[in-house]
Structure formats: C-alpha cells, structure tokens
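Please work through the following exercises with the sequence and the model side by side, and try each task before reading its solution.

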Amino acid sequence: MLVALAAATVGCPSHSVPAPADAPFDTRCAWTTEAASSLFECVEKCAADGGVPACPNSTAEYAWLAETIVGWLGLYQQPGADGPADGWDRCVSGGGVNFTSWAAGEPGDSVSESCAVFSRGPENGVHDISC
C-alpha cells in the first residue's frame with residue numbers, strides 16, 4: 001500500500017481518512033493508492049488522486065499515519081549525501097522534513113537505499129529502501 005497526503009482545501013478523495021479535527025495538521029487526509037513498485041510510481045499515482053506521498057513532520061502526524069496506512073513516504077535522501085544517515089531532509093513535494101521516526105538500525109548502510117517507507121509490526125518505523 002502507498003501513502004498520500006493532500007490539503008483538504010484541494011479536496012480529499014471520498015476514500016480518504018481525515019486527520020483528527022483537533023490535530024495541528026487537520027487540513028490533511030490520507031489514503032492508499034494502487035500498488036507501486038517505486039517512489040516515482042507512487043508520486044504519479046498520488047498525483048492522479050490530487051495528493052503527494054506523505055512526509056510527516058511531527059510525532060503526532062507520524063502516529064496518525066502509522067495507525068491509518070502503511071507504505072511509501074515522500075522522504076528521500078539528497079544526492080551526494082556524506083553517508084547513509086545524512087541528507088534525509090527533503091520531501092518530493094519540495095518541502096523540508098524535520099521529523100523522522102527511524103526503525104532500529106535505520107537508515108541502513110547501503111548507499112543504494114535513498115527512499116523511505118514506514119511499516120508496523122516488529123520493525124515499526126521508517127526504513128530506507130531502494131527507490
């Protein structure tokens with residue numbers, strides 16, 4: 001499953017889940033799209049529904065997304081980063097990222113894993129993955 005966020009002012013699809021009304025990010029909703037094999041395909045599928053892959057920017061927003069859906073995040077590692085743990089501060093929407101809930105041992109040490117997904121279960125949290 002893939003994750004997308006859209007501003008409510010743009011209009012959320014009827015199959016979306018609205019954020020809690022009292023949340024600081026209450027103008028958003030989330031939904032899953034058709035399966036995608038890459039972040040780039042996820043971007044296309046999310047855009048077709050009027051959204052972008054999610055980039056949570058707070059513990060509360062991450063917790064809400066993690067309860068709602070699991071999948072690709074819009075977070076990616078900047079090209080030319082100094083190492084596997086550096087450069088994770090950009091979202092495909094063009095905004096910055098100031099929060100990441102990495103799973104234990106993540107980001108890994110592979111330079112080929114420059115995109116991110118989040119998952120539930122024993123390895124709950126954000127994982128780096130090949131784009």
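The exercises below go from the whole chain to the sheet, then to a helix and to single residues.

The structure is a predicted model, in which local features need pLDDT of at least 70 and side-chain atom pairs count only at pLDDT 80 or more, while totals for chains, interfaces and linings use all residues. Residues are numbered from 1 along each chain as its sequence is written, and side-chain values use heavy atoms, with hydrogens and water left out.

**Exercise 1. The whole chain**

Task: Describe which secondary structure elements the protein chain holds, and in what pattern they follow along the sequence.

Solution: Begin with the elements themselves, where helices (H or I, at least four residues) and strands (E, at least two) are DSSP runs numbered from the N terminus. The protein chain has two helices and seven strands, and along the sequence they follow the pattern β-β-β-α-α-β-β-β-β. Next, turn to burial, for which buried means under 20% relative accessible area, exposed over 50%, and partly exposed in between (1.4 Å probe, protein chains only). Of the 131 residues of the protein chain, 40% count as buried. Finally, consider contacts, meaning heavy atoms within 4.5 Å: among those between residues at least 6 apart in sequence, 55% join residues at least 24 apart.

**Exercise 2. The sheet**

Task: Work out the strand order of the open sheet of four strands, and state which strands are at its edges.

Solution: Two strands are taken to pair if DSSP finds at least two bridges between them. As a first step, β4 (residues 71-76) and β6 are joined in the antiparallel sense over three bridges; within this pair, Gly 71 stands opposite Phe 118, and Trp 72 has Val 117 as its bridge partner. As a second step, β4 and β5 pair in the antiparallel sense over two bridges, with Tyr 76 opposite Arg 90 in β5. As a third step, β6 (residues 115-119) runs antiparallel to β7 and is joined to β7 by five bridges, with Ser 119 and Gly 125 as bridge partners. The order of the open sheet is therefore β5-β4-β6-β7, with antiparallel pairing. The edge strands are β5 (90-91) and β7, each of which pairs on one side only. As for cover, five of the six residues of β4 are buried, and four of the five residues of β7 (residues 125-129) are buried as well.

**Exercise 3. The two sides of a helix**

Task: Determine which residues of helix α1 are buried, and which exposed residues are carried by the face turned away from them.

Solution: The buried residues of α1 (residues 39-48) are Leu 39, Cys 42 and Cys 46. They lie on the same side of α1 because they cover an arc of only 50 degrees around the axis, an arc taken from the directions from the helix axis to the C-beta atoms. The face turned away from this buried side carries the exposed residues Phe 40, Glu 44 and Ala 48. After α1 comes Gly 50, whose phi is positive, near 90 degrees.

**Exercise 4. The salt bridge**

Task: Find which side chains meet in a salt bridge, and state how far apart the two residues are in helix α1.

Solution: A salt bridge here is a side-chain nitrogen of Lys or Arg within 4 Å of a carboxyl oxygen of Asp or Glu. A search of the whole structure finds one, in which the side chains of Lys 45 and Glu 41 meet at 3.7 Å, N to O. Because they are four residues apart in α1, Lys 45 and Glu 41 are separated by about one helical turn. Lys 45 is partly exposed, with a relative accessible area of 23%, and Glu 41 is also partly exposed, at 25%.

**Exercise 5. A histidine and a cis bond**

Task: State whether His 127 is buried or exposed, and which side chain is joined to its own by a polar contact.

Solution: His 127 is found in strand β7 and, with a relative accessible area of 11%, is buried. A polar contact is a pair of N or O atoms within 3.5 Å; within protein, one must be able to donate a hydrogen and the other to accept it, and residues adjacent in sequence count only if both atoms are side-chain atoms. Such a contact, of 3.3 Å, joins the side chains of His 127 and Glu 106. Leaving aside neighbours within four places in sequence, the residues in contact with His 127 include Trp 102, Cys 115 and Val 117. Glu 106 is in turn joined to Pro 107 by a cis peptide bond, with omega about -5 degrees, and Pro 107 lies in the loop between β5 and β6.
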